[in-house]
Amino acid sequence: MAAAIVSVQPAHPLISYNGRWDADHGTWWASSGFKLSVANLDHFGLTLGPHSTAGNISIGLSVDFAPFATFNVTQGANVLPLPAEKQNDAARGSISTVRLHVQGWQNNRLQLLSIELNKGAVLLPYVKQPLVFQFIGDSLTSGQFLDNGITGNWAFIASETFKAEHRINSQPGACLTDQLCWGNYGGISGMFFKTEDTGYWYTSDHNYTTDWDFSKERPQPTHVFVEVGANDNAYNITGEAFVETYTTFLARVRELYPKAPIFVLTPWGWPHADTPSDYYFVGRYQEVVEARKANGDANVHIIDCTGWVEWDDVFPDNVHPNAAGHKKIAGLLGDELKKNGIRPTTRWLAPVV
């Protein structure tokens with residue numbers, strides 16, 4: 001006899017959403033998802049609506065803070081596997097933590113119609129971590145070309161290492177400058193403030209943008225990291241214009257997050273097999289930080305990433321970090337954070353029984 005299933009609607013107050021979701025309960029931007037604390041869980045499923053990406057949608061799923069595993073889901077009903085030790089836990093009063101996010105920088109629209117749990121499962125408040133990392137970037141912060149997408153990206157790895165909540169807004173090919181770059185109709189300096197990523201332009205059922213409601217971000221980020229500029233350089237944006245755009249952008253970010261330290265990452269460069277790495281906007285990132293400090297913002301800091309990535313750390317055909325390269329970058333970032341007095345949280349706070 002099949003177990004009875006209970007549907008949880010997307011407006012349920014105990015679903016802890018992260019990332020950017022639109023009014024139709026659809027995701028935008030890689031890494032958007034949700035987290036649940038559930039008592040007596042032995043069945044977990046999703047029903048996805050027609051605004052979801054056609055075909056497979058790659059998601060990362062972690063139960064009880066185990067490493068994230070990749071699964072494909074589709075429009076309609078999806079049953080996701082739970083660890084063997086959870087399958088008979090419903091009678092034992094267990095408490096489980098489920099974390100789920102979309103992995104891809106494209107084909108990442110997941111319209112949630114309902115979550116399916118076994119009868120007797122009880123949603124509990126998800127306890128959020130005290131550290132909340134906000135990352136803003138381009139393809140280098142998107143996990144582009146990785147099999148597991150954003151899950152294998154340095155920003156996500158660093159968040160997991162520090163046991164921090166993550167918010168990642170990054171778009172391959174996008175300039176910081178608000179202009180067309182590599183098919184992105186809009187730059188990061190504008191799109192960061194929107195619900196949608198630049199994929200909206202190619203989406204027939206949602207080809208518009210809406211202002212993101214930042215009041216949904218609770219708690220606010222404790223730390224902000226910005227990695228941009230590779231595509232501006234490719235589109236021949238001048239150094240002076242880049243500094244002006246970047247400085248203005250950080251002023252807007254500061255209005256949103258008045259207390260969080262902002263870390264400006266310099267390029268780690270484009271490595272070569274036999275010659276030194278290429279760098280872009282050399283010295284300009286320091287100008288941005290100094291400009292913000294001159295305007296009274298002493299809580300903006302530079303992280304010099306020069307030399308972080310070498311030839312063995314990238315895919316040879318596109319010079320983007322490979323899986324080992326992303327882990328290396330995450331480790332080096334962690335070292336810098338510890339130098340700044342930022343320590344990983346000692347444990348995940350959501351209960352696991």
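## Exercises on a four-stranded sheet and a helix pair

In this predicted model, an open sheet of four strands runs in the order E1-E9-E4-E7 with antiparallel pairing, where strands (E, at least two residues) and helices (H or I, at least four) are DSSP runs numbered from the N terminus, and two strands pair if DSSP finds at least two bridges between them. Residues are numbered from 1 along each chain as its sequence is written, local features need pLDDT of at least 70, side-chain atom pairs count only at pLDDT 80 or more, totals for chains, interfaces and linings use all residues, and side-chain values use heavy atoms, without hydrogens and water.

**Exercise 1.** Find which strands are the edge strands of this sheet, and how E1 pairs with E9.

*Solution.* The strands that pair on one side only are E1 (5-8) and E7 (76-80). Next, E1 joins strand E9 (residues 112-118) in the antiparallel sense over four bridges, and Val-6 has Leu-117 in E9 as its bridge partner.

**Exercise 2.** Determine how the axes of helices H4 and H5 cross.

*Solution.* The axes, which are lines fitted to C-alpha atoms over the stretch in contact, with angles from 0 to 180 degrees between N-to-C directions, come within 9 Å and cross at roughly 45 degrees for H4 (residues 239-256) and H5 (residues 284-294). Therefore H4 is oblique to H5, since angles under 35 degrees count as roughly parallel, over 145 as roughly antiparallel, 65 to 115 as roughly perpendicular and the rest as oblique.
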